[in-house]
Amino acid sequence: MLRTSWIAGPDSGRPGPALVSVTDLRLSALADLPGVYRAARRLAEDWPVLDGAHGMWLWARPTARRCGAVAIWRDRTALAGFLGAPAHMAVMRRYRGRGTVASSTWEVPSAAPDEVWSRAAAGLRG
């Protein structure tokens with residue numbers, strides 16, 4: 001599995017509980033992977049100023065036509081703000097119907113990136 005380095009948000013290092021979100025996009029056609037990945041990188045450019053974001057990684061398994069993100073948020077409100085943002089909605093509309101998306105969330109007592117990545121990566125290996 002390939003992944004980006006940690007992309008810190010404004011809440012990075014903030015103590016206390018946090019919410020983890022994992023997105024797993026399984027594309028129908030490998031030809032869509034580069035475009036999806038470029039769109040995700042553009043969204044990630046805003047991460048350092050994204051309200052409620054601790055940080056995130058983009059990940060990909062190109063041979064399996066899969067990619068996604070593992071993100072750590074302050075809370076569900078911060079995650080909902082990102083999901084409803086015009087830039088995110090535009091990407092979702094553009095790639096709708098080109099694969100299937102699975103997502104999960106869970107709460108953690110602290111936003112420890114190494115622990116979060118280990119748990120998320122274990123679930124993405126399947």
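Does Thr4 count as buried or exposed, and what is its relative accessibility, or rather: which of those two words fits Thr4? At 8% relative accessibility, Thr4 counts as buried, a label for anything under 20% relative accessible area, with exposed meaning over 50% and partly exposed in between (1.4 Å probe, protein chains only).Before going on, note that this is a predicted model, where local features need pLDDT of at least 70, side-chain atom pairs count only at pLDDT 80 or more, and totals for chains, interfaces and linings use all residues. Residues are numbered from 1 along each chain as its sequence is written, and side-chain values use heavy atoms, leaving out hydrogens and water.

So where is Thr4? Look in the loop between β1 (2-3) and β2 (7-8); strands (E, at least two residues) and helices (H or I, at least four) are DSSP runs, numbered from the N terminus. Skipping residues up to four places away in sequence, Thr4 touches Tyr37, Arg41, Trp57 and Leu58, with contact meaning heavy atoms within 4.5 Å.

Follow the chain to Pro10, in the loop between β2 and β3 (18-27). Pro10 is partly exposed, at 45% relative accessible area. Its contacts, leaving aside neighbours within four places in sequence, include Trp47 and Pro48.

Now for the helices. α1 (residues 33-44) and α3 (residues 86-95) pack at an angle of about 175°, their axes 10 Å apart. Axes are lines fitted to C-alpha atoms, for helices over the stretch in contact, and angles run from 0 to 180 degrees between N-to-C directions. That is why α1 and α3 are roughly antiparallel to each other (over 145 degrees; under 35 is roughly parallel, 65 to 115 roughly perpendicular, the rest oblique). Among the residues making the contact are Val36 of α1 and Val91 of α3.
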